[in-house]
Each structure stands twice: as C-alpha cells, then as structure tokens.
Amino acid sequence: MIYLQKSLPAPESLAKEQIKKSGKYDSEDVLTRLHADFKNKCYICELHQPTIIQTEHFVPHKGDVNLKFDWNNLFFSCGHCNHTKGSKNEYNNILNCTVIEDGVDSRIAHRVDSFPQFEARFEIVNTDVKVTNTVALLNAVYNGKTFRQKLEASNLRAALEKELEEFEQLTSAYLSKDNSVISLKDICNIIIKHLRSDKGGFTAFKRWIIRDNPVLNQEFGAFCR
Ligand SMILES: [Zn+2]
C-alpha cells in the first residue's frame, strides 16, 4: 500500500445520484477519476490493471447515504480485496492511503520470502491500532482465509513474484553496473518510474527492496516517497 493523492473536486454525478432513490456511486465519471487517481492499481494489494474493478467504500456505508456517496470514501479496488475486506469491523480502522500523514508504506515494511516458498511478509515499523489492522488485512489478502480466497491469494502472489523478479533484474544490473542490454542511465530511469507509482504494480514492495539495500537506498531512496 502506498500514498495516492485523490483529485478534487468530487465527480459531479455523486451529488446528483445521492438524492435519487436508487442512485449510483460508481457512474462513469467516478470510475474514470478513481482509475486515474489510483494509477489503475488496487489500493490494497497494489495489483496493476485488475480485470475486476470495484468501487470500494473505505468506511463501509451500511446504508448511510452520506458515506455511500462521499468522494473521500470511494476507493479503487480489485474484486479479491473488496471481498476480503468486506464490511468487517476488524478492517474498519485501517491506514488511509489517500492521507499523506498516514505514511502507509513507510509504517509497514512490505517484504517477500522466496524460500521454502514465495510469501509476502508485512512487518510493523511504527505501531498503532491502524497499522496492526492494516497488516491483518494485508495478510488476509495475500494469504486468504476461505478456500476461494486462498486460490485468489495464490494467483496474487504469483503476479507479485513475477513483477519483483523483473524489478530485481533492474536493480541487479544497476548494482553490477551491467550495461550490456541497456544503458545505466536508462536502467536508473526505469527504476525511478517503478518507485514513483506510475509504472506497474506492487510499488510498496519495490520501495522496500530499495530501502533494504544501502547502495540502492543512497541512489534511489529519495524516490521512495
Ligand atoms: Zn487488490
């Protein structure tokens, strides 16, 4: 999870739909803005270009019309994460990735283990109840609880593994100064794009690969925010 700035003002359809008996909170203008603001990435798992896009209520509306149509409460999510989070009370009070002060990716270390099997690991850097709840949600998303969720989580981890492999090819080439395929300048530019959140998914994991290596952190640490 990384910080993503929500654009303002709210899409026009929301106020119009709110006063209807069965108004829609996911009209075209809302989806277009969410798609752009969230860089076409699920805000929870950070999967890029999900094939099932859902408009997630950050705080479950449970019939509250104000929460249902509040632009600040509408987030871009994949189907897997939306179903996993649901309206469960344990995930109500989590870090908000659209609030810069919440510092989502710096307060939770996003790491992976490759052996004995590929797994995502979330470590609390700076603890409070929101951080703990967010880690619980991330663990549920990346591991699954029901059988269906476990299958979905396995697909998600496979996508994460593939994308991190590609990213680590770039960082390895940078560290070994291997410019046999593309120039070092181009390698640096591609790494920076990945860290700036507008290229590919799983940005928080990539930023932690940088933070965890002193040489990479010195060169690219400034782009991890
Ligand atoms: Zn997701």
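Let me begin with helix α8, residues 184-195, in this predicted model. The helix has 12 residues, and at 1.5 Å a residue these should span 16 Å. The end C-alpha atoms are 17 Å apart, which agrees with that expectation.

Which residues of α8 are buried? They are Ile187, Cys188, Ile191, Ile192, His194 and Leu195. These buried residues cover an arc of only 155 degrees around the axis, and therefore they sit on the same side of α8. The general background is that an α-helix has 3.6 residues a turn, so residues three or four places apart point the same way. The cover over the buried residues of α8 includes α7 (147-175), α9 (203-211) and α10 (214-220). After the helix comes Ser197, with a positive phi near 80 degrees.

The loop on the other side of the helix, between α7 and α8, holds Lys177. Lys177 is not a glycine, yet its phi is positive, about 55 degrees. With a relative accessible area of 47%, Lys177 is partly exposed.

I turn now to helix α6, residues 129-143. It has 15 residues and reaches 21 Å from its first C-alpha to its last, close to the 21 Å expected at 1.5 Å a residue. The buried residues of α6 are Val131, Asn133, Thr134, Val135, Leu137, Leu138, Ala140, Val141 and Tyr142. Both helices and strands take part in covering them: among the elements involved are α4 (79-85), α5 (104-107), β3 (108-113), β4 (119-124), α7 and α9.

Strand β3 deserves a further word, through one of its residues, Val112. Val112 is partly exposed, with a relative accessible area of 27%. Leaving aside neighbours within four places in sequence, Val112 is in contact with Phe118, Glu119, Ala120, Arg121, Leu160, Leu164 and Phe205. As for distance, the C-alpha atoms of Val112 and Ala153 are separated by 14 Å, and these two residues are 41 residues apart along the chain.

The loop between β3 and β4 contains Pro116. Phe115 and Pro116 are joined by a cis peptide bond, with omega at about 0 degrees. A cis bond is also found from Leu8 to Pro9, where omega is near -5 degrees. Pro9 belongs to the segment before α1.

That segment before α1 (13-18) also includes Ser7. Ser7 is partly exposed, at a relative accessible area of 22%. Not counting residues up to four places away in sequence, Ser7 touches Arg33, Asp37 and Trp71. Between Ser7 and Glu161 the C-alpha distance is 31 Å, with their positions 154 residues apart in sequence.

Next, the metal site. Which residues hold the zinc ion? The protein donors are the SG atoms of Cys42, Cys45, Cys78 and Cys81, lying 2.3 Å from the ion. Along the chain, these donors follow the spacing C-x2-C-x32-C-x2-C.

Why is the arrangement called tetrahedral? The 4 donor atoms subtend angles of 105 to 114 degrees around the zinc ion, and four donors count as tetrahedral if all angles lie between 85 and 135 degrees.

Are Cys78 and Cys81 buried or exposed? Buried means under 20% relative accessible area. Cys78, at 5%, therefore counts as buried, and so does Cys81, at 0%.

Glu46 lies in the loop between α2 (28-37) and β1 (53-57). Glu46 has a positive phi of about 70 degrees although it is not a glycine. Its relative accessible area is 2%, so Glu46 is buried.

Finally, let me place these details within the whole protein. Its secondary structure comes to 10 helices and 4 strands. From the N terminus on, the order of elements is α-α-β-α-β-α-α-β-β-α-α-α-α-α.

How does the protein compare with a compact globule? With 225 residues, such a globule would have a radius of gyration near 17 Å; the protein has 18 Å, which agrees. The C-alpha trace spans about 60 × 35 × 30 Å along its principal axes. Of the 225 residues, 45% count as buried. Among contacts with a separation of 6 or more, 62% come from residues 24 or more positions apart.

Definitions and conventions: Residues numbered from 1 in each chain as written. Predicted model: local features only at pLDDT ≥ 70, side-chain atom pairs only at ≥ 80, totals over all residues. Heavy atoms only, no water. Helix = DSSP H or I, 4+ residues; strand = E, 2+ residues; numbered from the N terminus. Expected span 1.5 Å × (residues − 1). Buried < 20%, exposed > 50% of the residue type's maximum accessible area, 1.4 Å probe, protein only. Arc of directions from axis to C-beta. Contact = heavy atoms within 4.5 Å. Donors = N, O, S within 2.8 Å, 3.2 Å for Na, K, Ca; no water. Tetrahedral: all angles 85-135°; square planar, octahedral: opposite > 155°, others 65-115°. Rg over C-alpha atoms; globule rule 2.2 N^0.38 Å.
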